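Me: Please show me the structure, then start with what counts as a contact. After that I have a handful of questions about how things pack.

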Amino acid sequence: MSVRTLPLVFINLGGEMLYILDQRLRAQNTSEDNSEKGVWSEYDRKRVMNDIVGTMFNKSFMDELLKPQQLYSHRTLKTVLTRIAHASIMRLNPASMDRLYELMIMAFKYQVFLCPRPKDLLLISYNHIDTIRELVKETPVALNQVEEAHRKIIEVYTSLSEGEFQLLRQTLLIFLQDSHIRVSLFMKNKVQNPNGRFVLSTSGPVPHGIEVPGLIRMFDDKGKEVTRSEFPTGGSYTSPIREGSFELHGDRVIRLGLNMYTVNHPEETHTSKAAPVKADDTPNLLAKEELNQLARLMGSMKSESTPKSEPGFRINLFTTDEEEEEEEARTAGGAGEPLFGVINIQAMQDEQFATQLAQIAGQFADEGEQSDNPGSSSNKGDDLLDMMDQL
């Protein structure tokens, strides 16, 4: 398992989350009936984007994230992303976050599958960072945070060998292998089958530095070509396109990782449960360290920076209130799953949800403290939590 996988997972999943939120905020901002109560303004949209990006690219957080470490579980990553989404005035209910996370996972899985070569995973990540940079280009503080984080990522990953990138790719594939959620956008474009598995093309340009398959050449002991023969490849391959830029700014060439929600089609962001992401319900000996390092990294569970008098907002991220109620009823009552599990974002203060998260994190912390040796020093997660509380 690669110890350099976590930062790329975080950047790419966070980027997909920002794409979805920005698309829906823009859609409601340009709705026909702007007099409707709770409709977001352009100021609100920019504020949410700036707050979330500022939290994602916090210097101390990024420094810790870039240290060599094992990739965390789906459960922990979803908790972290929930915390990040709540960094502003927006709130998501549990059912909405579940569906949102699934959509993010499937988008990233599709990008990993189509990645021409392992090293190009960096270009996918850089596409996400470039787009995030555009979202906050009018806010110098957030923009500088993104720029600094990008420089650190380049510094860390430039020195990796081809073998290390291959190990990183294998780690990602293992992490994503049990995710088979159907996404209507992929189904519409015929890149995903009804069982939730992606369709991989057997045509197009080969990866940079690779020759078009179909030719076998034989050489003698002096290196001189003596025979050649052709074989059917089963596809229609072309010569590779030029290599993308791995610098701070430049043409990445590949389009994977760009915002696929730029056109407002709410119906294309539905997800349907072909096979859900497997929940990790077994006891995890690393649970305390995971939560200390990531899930609780962003400070206290409740948002202290949002004034109590500030009005809440509601975002219908996909379609109707009825579908949200159906999903919540299914989650609460254990009923059969609907054909389409719809993601909805509820942008209002959800104190009950925040309290539940705090209680869960506290339980992990209490269990971990009981298992610690009395003579041992405070672990890395506790030190990190103290550091974040002082920010």
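Reply: Happy to! Contact means that heavy atoms lie within 4.5 Å.

Me: What kind of model is this, and what pLDDT do its local features need?
Reply: Residues are numbered from 1 along each chain as its sequence is written, and side-chain values use heavy atoms, leaving out hydrogens and water. This is a predicted model, where totals for chains, interfaces and linings use all residues, side-chain atom pairs count only at pLDDT 80 or more, and local features need pLDDT of at least 70.

Me: How many helices and strands does the protein chain have?
Reply: Both are DSSP runs numbered from the N terminus: H or I over at least four residues for a helix, E over at least two for a strand. Counting those runs along the protein chain gives six strands and 13 helices.

Me: What share of the contacts in the protein chain with a separation of 6 or more joins residues 24 or more positions apart?
Reply: First, some background on burial: the protein chain has 391 residues, and 49% of them are buried (under 20% relative accessible area with a 1.4 Å probe, protein chains only; exposed is over 50% and partly exposed lies in between). Turning to contacts with a separation of 6 or more, the share from residues 24 or more positions apart is 81%.

Me: Are helices H4 and H5 roughly perpendicular or roughly antiparallel to each other?
Reply: The axes of H4 (residues 74-85) and H5 are 11 Å apart and make an angle of about 110 degrees. Axes are lines fitted to C-alpha atoms, for helices over the stretch in contact, and angles run from 0 to 180 degrees between N-to-C directions. Under 35 degrees is roughly parallel, over 145 roughly antiparallel, 65 to 115 roughly perpendicular and the rest oblique. H4 and H5 are therefore roughly perpendicular.

Me: Which residues of H5 meet H4?
Reply: H4 brings His-74, Leu-77, Lys-78, Leu-81 and Thr-82 to this contact. Their partners in H5 are Met-97, Asp-98, Tyr-101, Met-104 and Ile-105.

Me: What is the orientation of H5 and H8 to each other?
Reply: H5 (residues 94-114) and H8 (residues 162-176) have axes that come within 11 Å and cross at roughly 140 degrees. That is why this pair is oblique.

Me: Which residues of H8 make the contact with H5?
Reply: On the H5 side, the contact is made by Tyr-101, Ile-105, Phe-108, Lys-109, Val-112 and Phe-113. Tyr-101 and Ile-105 also meet H4. From H8 come Arg-169, Leu-172, Leu-173, Phe-175 and Leu-176.

Me: How many of the 21 residues of H5 are buried?
Reply: H5 is largely enclosed by the rest of the structure. That description rests on a count of its buried residues, which comes to 17 of the 21.

Me: Which residues of H8 are buried?
Reply: Four of the names will be familiar from the contact with H5, where Leu-172, Leu-173, Phe-175 and Leu-176 take part. The complete set of buried residues in H8 is Phe-165, Leu-168, Thr-171, Leu-172, Leu-173, Phe-175 and Leu-176.

Me: How far apart in space are Leu-71 and Thr-171, C-alpha to C-alpha?
Reply: Leu-71 sits in the loop between helix H3 (59-65) and H4, and its 15% relative accessibility makes it buried. Leaving aside residues up to four places away in sequence, Leu-71 touches Thr-5, Leu-6, Val-9, Thr-171 and Phe-175. In sequence Leu-71 and Thr-171 are 100 residues apart, yet their C-alpha distance is 8.3 Å.

Me: Is H6 roughly parallel or roughly antiparallel to H7?
Reply: H6 (residues 121-135) packs on H7 with the axes 10 Å apart and an angle of about 170 degrees. That makes the pair roughly antiparallel.

Me: Which residues of H7 make the contact with H6?
Reply: H6 contributes Leu-122, Tyr-126, Ile-129, Asp-130, Ile-132 and Arg-133. Several H7 partners are buried, including Val-146, Glu-147 and His-150. The H7 side in full is Leu-143, Val-146, Glu-147, His-150, Ile-153, Ile-154 and Tyr-157.

Me: Is Lys-190 buried or exposed?
Reply: Lys-190 lies in the loop between helix H9 (184-188) and strand S2 (203-205), and its phi is positive, near 60 degrees, although it is not a glycine. With a relative accessible area of 69%, Lys-190 is exposed.

Me: What about Val-253, buried or exposed?
Reply: Val-253, also not a glycine, has a positive phi of about 70 degrees. It is found in the loop between strand S5 (236-238) and strand S6 (271-275). Its relative accessibility is 16%, so Val-253 counts as buried.
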